[in-house]
Amino acid sequence: MEKIRWAYIGSGNIANSTAKDITKGEHIITSVYSRNYEKAKSFADKYNAEAFEDFESAVNRDDVDAVYIATPHTSHLDYAVRAMKLGKSVLCEKTDRSFCNEVDTLIETAKNENVYFCEAMWTWFSDVALTVKNGLKAVK
């Protein structure tokens, strides 16, 4: 199986946390965009990726299969829609927005562009969730 090639949007704490784990599997980070180019460059250097000063250049590449959005939640809708309109699947942190029309926009865009969209549910992997899952398995 070929590795999934990711564009990372954002290079802060959550991006650094997920990148450590995602690169252990069948994934690589090929490009990075952040509002702060120096932070993007530092992050990209850790993963032999390329840093970009604009979103489109980081995402609209042949060596990007999917986009991981790890920015403040106020920018999720914009980045996710833009990535999907470029034909890229999206994994997005905390997309469960307060306004239903934004969630509807994300779902509709994914359908219209025929791409995969998913919210990154870190809670499924938290200690509490794993304890509950393991407890349920033991009961079965």
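Begin by selecting glutamate 93, which stands opposite alanine 120 of strand E6. The model is a predicted one, and the tour moves from this sheet position across the strands, then to the helices, the cores and the aromatic rings.

**The sheet from E6 inward**

Extend the selection to strand E6 (residues 117–120): E6 and E5 run parallel and are joined by 4 bridges. Next, add strand E4 (residues 66–69), which pairs with strand E5 (residues 89–93) in the parallel sense, again over 4 bridges. Within this pairing, select isoleucine 69 and then cysteine 92, its bridge partner in E5. To follow the connection between the two strands, trace the chain from E4 through helix H4 (residues 76–85) to E5; this β-α-β crossover is right-handed.

Now display the entire sheet. It is open and consists of 6 strands in the order E3-E2-E1-E4-E5-E6, with parallel pairing. Strand E3 (50–52) and E6 are the edge strands, each pairing on one side only. On average, neighbouring strands are turned by 25° against each other, direction ignored.

Move to the other half of the sheet and select E1 together with strand E2 (residues 27–33), a parallel pair held by 6 bridges. Tyrosine 8 is a useful marker here, as its bridge partner in E2 is valine 32.

**Helices on the sheet**

Select helix H1 (residues 13–22), which lies across E1, E2, E4 and E5 and runs at about 170° to E1. Then return to H4, which packs on the sheet and touches E1, E2, E4, E5 and E6. The direction of H4 makes about 170° with that of E5. Which residues of H4 are buried? They are His76, Tyr79, Ala80, Val81, Ala83 and Met84. Just after H4, select glycine 87, where phi is positive at about 85°.

For the overall layout, colour by secondary structure: the chain has 6 helices and 6 strands. Read along the sequence, they follow the pattern β-α-β-α-β-α-β-α-β-α-β-α.

**The nonpolar cores**

In soluble globular proteins, nonpolar side chains tend to be buried together. In this chain of 140 residues, 40% count as buried. Select Ile9, Val67, Ile69, Met84, Val90 and Phe117: of the 21 residues in the largest nonpolar core, these touch the most other members. At least two residues of this core come from each of strand E1 (4–9), helix H3 (55–59), E4, H4, E5 and helix H5 (100–113). Which element supplies the largest share of this core? That element is H4, with 5 residues.

Centre the view on valine 67 and show its contacts. Leaving aside residues up to four places away in sequence, valine 67 touches Trp6, Ala7, Ile9, Val59, Ala83, Lys88, Ser89, Val90 and Leu91. Next, select Trp6, Tyr8, Tyr47 and Ala66, which are among the members of a second, separate core of 17 residues.

**The aromatic rings**

Show the rings of Phe, Tyr and Trp; the count comes to 6 aromatic pairs. Select tyrosine 8 and tyrosine 68, whose pair is tilted, with 4.8 Å centre to centre and 45° between the planes. Tyrosine 8 lies in strand E1 and tyrosine 68 in strand E4, so this pair ties together parts that are 60 residues apart in sequence. Are these two rings on buried or exposed residues? Tyrosine 8 counts as buried because its relative accessibility is 0%, and tyrosine 68 counts as buried at 2%.

Then select tyrosine 33 and tyrosine 79, an edge-to-face pair with 6.1 Å centre to centre and 75° between the planes. Here tyrosine 33 lies in strand E2 and tyrosine 79 in helix H4, so the pair ties together parts that are 46 residues apart in sequence. Tyrosine 33 is buried, with a relative accessible area of 11%; tyrosine 79, at 8% relative accessibility, also counts as buried.

To complete the ring display, select Tyr8, Phe43, Tyr47 and Tyr68, which ring pairs link into a cluster.

**A last view of the whole chain**

Finally, show contacts between residues at least 6 apart in sequence: 57% of these join residues at least 24 apart.

Note on methods: Residues numbered from 1 in each chain as written. Predicted model: local features only at pLDDT ≥ 70, side-chain atom pairs only at ≥ 80, totals over all residues. Heavy atoms only, no water. Pairing = 2+ DSSP bridges. Right-handed = clockwise from strand over helix to strand, strands pointing away. Core = buried A, V, L, I, M, F, W, Y, C linked by side-chain atoms within 4.5 Å. Buried < 20%, exposed > 50% of the residue type's maximum accessible area, 1.4 Å probe, protein only. Contact = heavy atoms within 4.5 Å. Axes fitted to C-alpha atoms, helices over the stretch in contact; angles between N-to-C directions. Phe/Tyr/Trp six-rings, centres within 6.5 Å; stacked < 30°, edge-to-face > 60°.
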